[in-house]
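The following note is offered to a colleague who is examining the structure at the bench. It takes up the ligand site and then one loop residue.

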Amino acid sequence: MALVPPYIANLRPYEPGRSIEDVRRAYGVERVAKLASNENPLGPSPKALSAISRDLGGLNYYPNGGLDLRLRLAQEFHLKVENVIAGSGSDSIMSGIIRAFLCDDDEVLTTESAFIGFQVLAKSRGVAYRTVPYRDWHYDLQALAAAITAKTKIIYLANPSNPTGTIFTKDEFDEFYRHVPERVLIILDEAYFEYAQANPRYPDSMHYRYDNVITLRTFSKIYGLAGLRVGYGFAHEELIANLLKVKLPFEPSGLAQSAAIAALDDQDFVRRALELNARGLRRIGDALREMGFDVVTSEANFVMVPMESAEAAKSLTEELLKKGVIIRPLGAFGLPHCLRISTGTDEDNQMLIEEVRKTGVRSQESGVRIYANS
Ligand SMILES: Cc1ncc(COP(=O)(O)O)c(C=O)c1O
């Protein structure tokens with residue numbers, strides 16, 4: 001169709017993981033464990049729920065473009081409000097970055113099979129999209145630095161990385177940064193920051209600021225607010241001022257702001273989520289490895305499992321769906337032989353392990369490859 005530019009016509013849309021209701025209907029199962037979208041299995045923070053109930057009566061008013069949340073985040077992280085942006089999920093801020101900073105001849109550079117949300121957004125802009133391969137499922141920062149050209153405008157790095165769950169360290173990032181010209185904007189996507197934060201080698205980007213780095217974080221993961229759509233970013237005030245020009249005027253919604261502000265204060269909930277996740281990573285990792293699967297060591301709230309073939313990955317996904325366990329096949333990311341499994345409640349994790357065991361599938365006949373902790 002002449003109306004549609006070729007890069008949109010050829011774009012594969014973002015496909016969200018399957019919903020619990022959809023799987024219940026399609027497979028006739030009662031109990032469903034949704035381990036496909038890296039959500040918080042504890043539900044939303046109770047403090048966030050109270051704040052939403054408290055503020056429901058204000059739905060007739062337009063929200064203030066994220067100002068309340070920006071002020072609260074600035075206070076929390078000891079920044080000026082001019083250095084903070086809030087939006088309807090970090091996806092929305094990413095979309096703004098692409099609109100605000102890319103010109104037609106610019107290039108985007110990232111790892112192969114980067115977070116699918118970023119892939120779709122960047123490709124929808126119709127600019128050159130270049131990637132370098134993973135090294136042992138880690139971002140290869142050296143190769144990325146070497147791949148920068150005069151046209152490179154944005155480098156996207158997710159740390160921890162989705163879908164691999166691995167991190168790059170502060171030393172690795174510092175070395176990489178020395179090779180990045182100032183005219184290149186680095187997106188440091190820290191959607192899973194809270195899960196990795198305790199690792200002393202993890203570079204919490206809040207502790208050092210560069211003028212050409214924008215950090216993105218979200219309330220969708222540890223804070224359990226994925227359904228409300230609220231995320232935030234930190235950067236130099238000039239970058240934020242330009243992003244604010246292209247942001248949709250009223251996002252995030254008033255209720256999203258209320259919930260996010262309350263959730264920030266609920267550190268007890270965050271602690272419980274971290275404990276549950278650490279237990280889940282251990283149990284799922286140990287059990288699958290014992291069965292002979294290859295499990296990439298993760299610093300996030302999910303693990304990636306490379307299988308011997310795309311067919312094996314597809315077949316295990318389907319077998320588990322029939323039993324009510326939803327995991328994420330990674331074909332859309334560009335890794336059709338890999339699966340991603342989020343940690344769930346203890347019961348969800350047990351259900352996953354039992355159902356995988358019942359399928360009798362063994363992943364790597366030739367032995368188990370376990371990646372060293374990064
Ligand atoms: C690396 C990464 N960035 C961003 C997001 C999206 O976050 P949000 O819900 O804030 O748009 C996700 C969600 O899965 C993610 O994995």
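1. How far is an oxygen atom of the ligand from an N or O atom in the side chain of Thr218? In this predicted model, the distance is 2.5 Å. This pair counts as a polar contact, because the cut-off for two such atoms is 3.5 Å.

2. Two further residues approach the ligand through polar side-chain atoms. Tyr192 places such an atom 2.6 Å from a ligand oxygen, and an N or O atom in the side chain of Ser220 is likewise 2.6 Å from an oxygen atom of the ligand. The protein buries 94% of the 400 Å² that the ligand exposes when taken alone.

3. The surroundings of the ligand comprise 14 residues, of which Ser90, Asp189, Tyr192, Thr218 and Ser220 come nearest. By class, this shell holds five nonpolar, five polar and four charged residues. Helix 5 (residues 90-101) supplies the largest share of the shell, namely three residues.

4. Where does the ligand sit? The ligand occupies the largest pocket.

5. A separate point concerns Thr297, which belongs to the loop between helix 12 (267-290) and strand 9 (302-306). Is Thr297 buried or exposed? Thr297 counts as buried because its relative accessibility is 18%, and the limit for that class is under 20%. The side chain of Thr297 also makes a polar contact, at 3.4 Å, with the side chain of Arg289.

How values were computed. Residues are numbered from 1 along each chain as its sequence is written. This is a predicted model: local features need pLDDT of at least 70, side-chain atom pairs count only at pLDDT 80 or more; totals for chains, interfaces and linings use all residues. Side-chain values use heavy atoms; hydrogens and water are left out. Helices (H or I, at least four residues) and strands (E, at least two) are DSSP runs, numbered from the N terminus. Buried means under 20% relative accessible area, exposed over 50%, partly exposed in between (1.4 Å probe, protein chains only). A polar contact is a pair of N or O atoms within 3.5 Å; within protein, one must be able to donate a hydrogen and the other to accept it, and residues adjacent in sequence count only if both atoms are side-chain atoms. A residue is near a molecule or strand if one of its heavy atoms lies within 4 Å of it. Accessible areas come from the Shrake-Rupley method with a 1.4 Å probe; for residues, only the protein chains shown count as cover. On a 1 Å grid over the protein atoms alone, a cavity is a set of points where a 1.4 Å probe fits but cannot get out, and a pocket is an open set with protein on both sides within 12 Å along at least five of seven lines; lining residues have an atom within 4 Å of a point. A molecule sits in a cavity or pocket if more than half of its atoms lie within 2 Å of its grid points. Ala, Val, Leu, Ile, Met, Phe, Trp, Tyr, Cys and Pro count as nonpolar, Asp, Glu, Lys and Arg as charged, and the others, Gly among them, as polar.
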